[in-house]
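Reader: I am a first-year student, and I should be grateful for a close look at the empty spaces of this structure. Which residues surround them, and which contacts between charged side chains are found?

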Amino acid sequence: MVDSEYLTKGLYALARAHHVNTMAGHLGAAIVAGCLITENHPNLDEKVCVGIKAELDRIICGESVFSPGKNAAIQVNEMFDPLPKAPSKENLIDRIADALVYNINQTRQSGHNVIFAAIAIRALKRYPEFANPAITDGIRKLIAGFNGVTPGVAYYGKEKGRIDGRKIVLHEDGTFPPYTDLQTMVTTVLDTLIQHAAERRQGFGGLWHVINHAAALSELAQHGYQELAITGLTAHHQHLQLWKTLPNVADELGAEVPTKHDPRLPIYWQSDDLRRDCARLTHRIKTLYGFDTLVNLVEDRAKREQGYDKLRYLM
């Protein structure tokens with residue numbers, strides 16, 4: 001397993017991210033997610049755990065594209081420093097969920113508001129001794145930072161270029177009706193990955209965030225925030241609608257290629273399969289965690305394995 005000290009560092013970084021910008025939340029969220037992956041799989045091959053730990057070390061050392069710039073209020077090493085100790089109260093976790101109430105109903109920056117909040121809530125529910133004011137208030141401020149932000153931007157090919165999601169008009173045409181429940185969302189996301197992972201669509205967080213946004217809503221429901229999660233279904237539906245408007249730009253930018261090896265196997269972490277482009281350093285870890293959350297909600301074993309096979313396009 002990954003040492004528990006990483007989880008505490010991840011929570012510290014999440015609590016401090018609001019001093020930088022909302023996207024700095026990637027650092028702490030990925031660290032926490034890496035710990036939770038190995039906790040979810042206590043029998044995971046130790047070589048896989050070593051590979052995940054190496055990725056977390058890269059994030060802590062500042063290799064992520066989301067690390068603070070030189071003029072930021074705090075630098076990357078400071079984000080992981082311990083916060084002052086204070087008495088913990090499990091009900092303080094609700095403050096993070098309360099912050100989501102104000103921005104969960106629309107797609108906010110590819111769903112990062114929900115993704116960061118759900119990872120933090122899962123960790124604090126599991127380790128309530130860290131639910132103190134310094135950590136919960138910091139994360140609450142991070143989530144509040146997403147109030148009113150855009151859905152994100154996307155690339156629509158050479159002729160149209162990059163377009164702000166607010167300018168994309170979505171039409172209800174009957175082919176993609178609103179979700180009736182969380183399970184419908186989960187099934188839809190897995191089917192979308194299986195059908196479209198090989199396509200090159202750029203924007204709105206890609207399939208990484210379509211997956212992680214759905215996983216985050218599912219986790220909110222699992223950890224006591226069912227009503228809040230249901231409220232967020234509209235935003236995820238909008239998110240996937242936006243992603244579906246994107247053209248496949250493989251002819252222009254080159255085809256997507258799956259990794260040679262399954263990331264559940266040691267050989268993946270010991271090979272040259274670990275791509276360093278497109279912010280994959282943090283997205284790889286968060287998406288491994290998010291996909292694991294989703295796939296556990298699908299009973300069809302064959303479909304689960306199809307999903308894992310297509311996940312290699314994102315790794």
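Author: The answer below takes the open spaces first, then the enclosed ones, and then the cysteines and the charged pairs. Please keep in mind that this is a predicted model.

One general idea helps at the start. Rolling a probe the size of a water molecule over the atoms shows where empty space is left.

Let us begin with the pockets. The largest pocket holds about 760 Å³ of space. Its lining consists of 35 residues, and those closest to the centre are Gly203, Gly205, Gly206, Trp208 and Cys278. Two or more lining residues come from each of strand 1 (153-155), strand 3 (202-203), helix 9 (206-222) and helix 14 (280-295). Helix 9 gives the largest share, with 4 residues. Sorted by class, the lining of the largest pocket contains 16 nonpolar, 11 polar and 8 charged residues.

The second largest pocket encloses about 310 Å³. Of the 18 residues that line this pocket, His41, Leu44, Arg264, Asp292 and Tyr308 lie nearest its centre. Here at least two lining residues are supplied by each of helix 3 (46-60), helix 14 and helix 15 (301-311). The largest share, 5 residues, belongs to helix 15. The classes in the lining of the second largest pocket are 11 nonpolar, 2 polar and 5 charged residues.

We may now turn to the cavities. The structure has 2 cavities of 30 Å³ or more. The volume of the largest cavity is about 60 Å³. Around the largest cavity stand Ile115, Ile119, Asn212, Ala215, Ala216, Glu219, Lys286, Tyr289, Gly290 and Thr293. Helix 6 (112-126), helix 9 and helix 14 each contribute at least two residues to this lining. By class, the residues around the largest cavity are 5 nonpolar, 3 polar and 2 charged.

The second largest cavity has about 30 Å³ of space. Its lining is made up of Val186, Val189, Leu190, Phe291, Leu294, Val295 and Val298. Two or more of these residues come from helix 8 (182-196), and two or more from helix 14. The lining of the second largest cavity has 7 nonpolar residues, with no polar and no charged ones.

Helix 14 thus recurs in this account: it supplies residues to the largest pocket, to the second largest pocket, to the largest cavity and to the second largest cavity.

The cysteines come next. A disulfide is a covalent bond between the sulfur atoms of two cysteines. How many disulfides does the structure hold? The count is 0. Cys35 illustrates the reason, because its sulfur is 10 Å from the closest cysteine sulfur, that of Cys49, and this is too far for a bond. The cut-off for a disulfide is a pair of sulfur atoms within 2.5 Å. Cys61 is likewise in no disulfide, the nearest cysteine sulfur being that of Cys35, 15 Å away. As to their surroundings, Cys35 is buried, with a relative accessible area of 5%, whereas Cys61 is exposed, at 63%.

The last topic is the charged pairs. Side chains of opposite charge can pair when their charged atoms come close. The structure has 15 salt bridges. In one of them the side chains of Arg126 and Glu39 meet, with 3.2 Å from N to O. Arg126 belongs to helix 6 and Glu39 to helix 2 (residues 25-40), so this pair ties together parts that are 87 residues apart in sequence. Arg126 is partly exposed, with 45% relative accessibility, while Glu39 is buried, with 17%. Both residues also take part in a network of salt bridges that links Glu39, Arg122, Arg126 and Glu219. Glu219 has been named already, as one of the residues that line the largest cavity.

Another salt bridge joins Glu55 and Arg284, whose closest N and O atoms are 3.0 Å apart. Glu55 lies in helix 3 and Arg284 in helix 14, and the pair therefore ties together parts that are 229 residues apart in sequence. Both Glu55 and Arg284 are buried.

A further salt bridge is formed by Glu199 and Arg201, with 2.7 Å between the closest N and O atoms. Which of these two residues is buried and which is partly exposed? Glu199 counts as partly exposed, at 22% relative accessibility, and Arg201 is buried, with a relative accessible area of 16%. The cut-off explains the division, because buried means under 20% relative accessible area.

Conventions
Residues numbered from 1 in each chain as written. Predicted model: local features only at pLDDT ≥ 70, side-chain atom pairs only at ≥ 80, totals over all residues. Heavy atoms only, no water. 1 Å grid on protein atoms, 1.4 Å probe; cavity = no way out; pocket = protein on both sides within 12 Å on 5 of 7 lines; lining within 4 Å. Points joined across faces, edges and corners; volume = space filled by probe spheres on them. Nonpolar A, V, L, I, M, F, W, Y, C, P; charged D, E, K, R; others polar. Buried < 20%, exposed > 50% of the residue type's maximum accessible area, 1.4 Å probe, protein only. Salt bridge = Lys/Arg side-chain N within 4 Å of Asp/Glu carboxyl O.
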